[in-house]
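Open the model in your viewer and keep the selection panel at hand. The stops below go from one selection to the next.

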Amino acid sequence: MASNHSNPPDTQLDINALKGDIPLVGLTGGIGSGKTAVSDLLGQLGAGIIDTDLIAHQITAPGGSAIPLISERFGSEYLDSHGALDRPKMRTLVFGNAQARQTLEQITHPLIKQETAKQAFTLAKSGAPYLVFVVPLLVESRTWVDLLDFVVVVDCPEETQIERVMHRNNMARSDVENILKAQASRKERLDNANAVIQNQGSLEELRREVQDLHEKLLKIKISSPGSS
Ligand code: ATP
């Protein structure tokens, strides 16, 4: 279903304006659970995918919209030789420094929000049957939980997450375990789920589960804001 909304100017885009027009689905899961694998499959089936993690990387890539402000507030030493955010260096800075973390978030969050809304309006207009927002820290955010019509959690045992991320990112076990500890627990995520994708089998099994999910998402009933 195409949205009736014409695109307002970029500076005024607000995803809330899409509520009631098109189903808004959140897709979340812990690190390495398989969010990207699931969203890629849903995208192949025609869903409109907006990956907030990808957007966060794009705005901090060379020439990204966050780069001038990061350079101004933190200094060019926080950029690498290509002009991208030096992630390891910034991670070390913000790890024990709440003020620096807040400054970084004040720069990046509005830009991520704006780009997320822009992509959502474009996909809604293009006729996507529903929108999927891939949000790693979804259940940690009241704003997301309130906005969405439906939340899908990708789940697998923690040991599987750890093994996948160690293998994919060539990371030490203790580093992956520390990231896991900083995220919502498996139970907290599952408590917020309208549907759960169990991703502990083969990619072929995942494909079948995602096909079933897609059929379910095509039938989501949405209500206009305030009518529930
Ligand atoms: P992150 O939170 O780090 O962005 P993610 O939740 O998006 O991770 P993916 O990148 O989709 O997770 O999956 C993590 C790794 O595990 C990837 O290398 C992916 O190819 C692999 N993977 C995902 N699901 C399966 C599966 N069912 N079988 C085998 N490998 C898988």
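Start with Leu27: its bridge partner in β3 is Val134. The model is a predicted one, in which local features need pLDDT of at least 70 and side-chain atom pairs count only at pLDDT 80 or more, while totals for chains, interfaces and linings use all residues. Residues are numbered from 1 along each chain as its sequence is written, and side-chain values use heavy atoms, with hydrogens and water left out.

**Strand β1 and its partners**

Strands (E, at least two residues) and helices (H or I, at least four) are DSSP runs, numbered from the N terminus. Strands count as paired if DSSP finds at least two bridges between them. Display β1 with β3: they run parallel and are joined by 4 bridges. Then add β4, which is also parallel to β1 and joined to it by 4 bridges. Here Gly26 stands opposite Val151 of β4.

Now show the side chains of β1. In a regular strand, side chains alternate between the two faces of the sheet. Leu24, Gly26 and Thr28 point one way, Val25 and Leu27 the other, and all are buried. Buried means under 20% relative accessible area, exposed over 50%, and partly exposed in between (1.4 Å probe, protein chains only). Because 5 of the 5 residues of β1 are buried, the strand is largely enclosed by the rest of the structure.

**The nonpolar cores**

Next, select Leu18, Leu24, Ile70, Leu131 and Phe133, the residues with the most contacts inside the largest nonpolar core, which has 39 residues. Such a core is a set of buried Ala, Val, Leu, Ile, Met, Phe, Trp, Tyr and Cys residues joined through side-chain atoms within 4.5 Å. Elements that each supply at least two residues to this core include α2 (52-59), α3 (67-74) and β3 (131-134). The helix α5 gives the most, with 8 residues.

Centre on Phe133. Leaving aside neighbours within four places in sequence, its contacts (heavy atoms within 4.5 Å) include Ile15, Leu24, Ile50, Thr116, Ala120, Trp144 and Leu148. For a second, separate core of 19 residues, pick Val38, Leu41, Val132 and Ala195, which are among its members.

**A buried arginine**

Go to Arg189 in helix α9 (residues 186-191). Which side chain of opposite charge is nearest to Arg189? Glu140 is, at 4.8 Å, and Arg189 is buried yet has no salt bridge. Lys and Arg count as positive and Asp and Glu as negative; His and the chain ends are not counted. A salt bridge is a side-chain nitrogen of Lys or Arg within 4 Å of a carboxyl oxygen of Asp or Glu. Beyond residues up to four places away in sequence, Arg189 touches Thr28, Gly29, Gly30, Val139, Val153, Gln183 and Ala184.

**Salt bridges**

The count comes to 7 salt bridges. Select Asp149 and Lys19, whose side chains meet at 3.2 Å, N to O. This pair links distant parts of the chain, 130 residues apart: Asp149 is in the loop between α6 and β4, Lys19 in the segment before β1 (24-28). Asp149 is partly exposed at 21% relative accessibility, whereas Lys19 counts as buried at 18%.

Move to helix α8 (residues 173-182), where Glu177 and Arg173 lie 4 residues apart, about one turn of the helix. Their closest N and O atoms are 3.5 Å apart in a salt bridge. Add Glu159 to see a network of salt bridges linking Glu159, Arg173 and Glu177.

Finish at Arg207 and Glu204, which form a salt bridge at 3.6 Å, N to O.
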